[in-house]
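Please look through the structure below with its sequence at hand. The paragraphs that follow go from one part of the chain to the next.

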Amino acid sequence: MVVRTFTAVLHKEGNLYVAQCPEVGTASQGQTLEEALANLKEALELHFEPPKATRVPKVCTVEIEVGAA
């Protein structure tokens, strides 16, 4: 098992605290700073958990037109 360190950015939104990890794009929330941080840690652990596919996924490409707005 490898231990990695990530950044947690915490701020308050209304009555909740939000914890975000900018390196991974994961976020969570809680009633307290400690709860938001604990929830973010759990979300990060789930993010890095190996996938457990029960069926073989279909992989395809998608094309879109991108133009100046």
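A residue is called exposed when its relative accessible area is over 50%, buried when it is under 20%, and partly exposed in between. The model is a predicted one. With those cut-offs, the face of helix 1 turned away from its buried side carries the exposed residues Glu34, Lys41 and Leu46.

Helix 1 covers residues 33-47, which makes 15 residues. At 1.5 Å a residue they should span 21 Å, and the C-alpha atoms at the two ends are 21 Å apart, so the expected span and the model agree. The buried residues of this helix are Ala36, Leu40 and Leu44. Because these buried residues cover an arc of only 75 degrees around the axis, they sit on the same side of helix 1. Their cover includes three strands: strand 1 (9-13), strand 2 (16-21) and strand 3 (26-30).

Glutamate 35 also belongs to helix 1. Its relative accessibility is 34%, so glutamate 35 counts as partly exposed. Leaving out residues up to four places away in sequence, glutamate 35 touches Gln29 and Gly30. Its C-alpha atom is separated by 9.9 Å from that of leucine 16, and the two residues are 19 residues apart along the chain.

Strand 3 offers a view from the other side. Threonine 26 is found in this strand, and it is buried because its relative accessible area is 12%, with the limit set at under 20%. Beyond residues up to four places away in sequence, threonine 26 touches Ala19, Gln20 and Cys21, as well as Leu40, Ala43, Leu44 and His47. Of these partners, Leu40 and Leu44 are among the buried residues of helix 1.

Glycine 25 lies in the loop between strand 2 and strand 3. What is its state, buried or exposed? With 68% relative accessibility, glycine 25 counts as exposed. The C-alpha atoms of glycine 25 and leucine 44 are separated by 9.6 Å, with their positions 19 residues apart along the chain counted as the distance in sequence.

The segment before strand 1 holds phenylalanine 6. This residue has a relative accessible area of 23% and is therefore partly exposed. Setting aside neighbours within four places in sequence, phenylalanine 6 is in contact with Cys21, Glu23, Val24, Leu44 and Phe48. Both Cys21 and Leu44 are also touched by threonine 26. The C-alpha atoms of phenylalanine 6 and isoleucine 64 are separated by 33 Å, and these residues are 58 residues apart along the chain.

On the surface, Leu10, Leu33 and Leu37 make a nonpolar patch of about 230 Å². Leucine 10 is found in strand 1. At 36% relative accessibility, leucine 10 counts as partly exposed.

The last topic is charge. Side chains of opposite charge can pair when their charged atoms come close. How many salt bridges does a search of the whole structure find? The search finds one salt bridge. In it, the side chains of lysine 52 and glutamate 49 meet at 3.8 Å, N to O. Lysine 52 has a relative accessible area of 70% and is therefore exposed, whereas glutamate 49, at 41% relative accessibility, counts as partly exposed.

How values were computed
Residues are numbered from 1 along each chain as its sequence is written. This is a predicted model: local features need pLDDT of at least 70, side-chain atom pairs count only at pLDDT 80 or more; totals for chains, interfaces and linings use all residues. Side-chain values use heavy atoms; hydrogens and water are left out. Helices (H or I, at least four residues) and strands (E, at least two) are DSSP runs, numbered from the N terminus. The expected span of a helix is 1.5 Å times one less than its number of residues. Buried means under 20% relative accessible area, exposed over 50%, partly exposed in between (1.4 Å probe, protein chains only). The arc is that of the directions from the helix axis to the C-beta atoms. Contact means heavy atoms within 4.5 Å. Patches are made of residues with over 30% relative accessible area and no salt bridge: like charges are joined within 9 Å, nonpolar side chains (Val, Leu, Ile, Met, Phe, Trp, Tyr) within 5 Å. Accessible areas come from the Shrake-Rupley method with a 1.4 Å probe; for residues, only the protein chains shown count as cover. A salt bridge is a side-chain nitrogen of Lys or Arg within 4 Å of a carboxyl oxygen of Asp or Glu.
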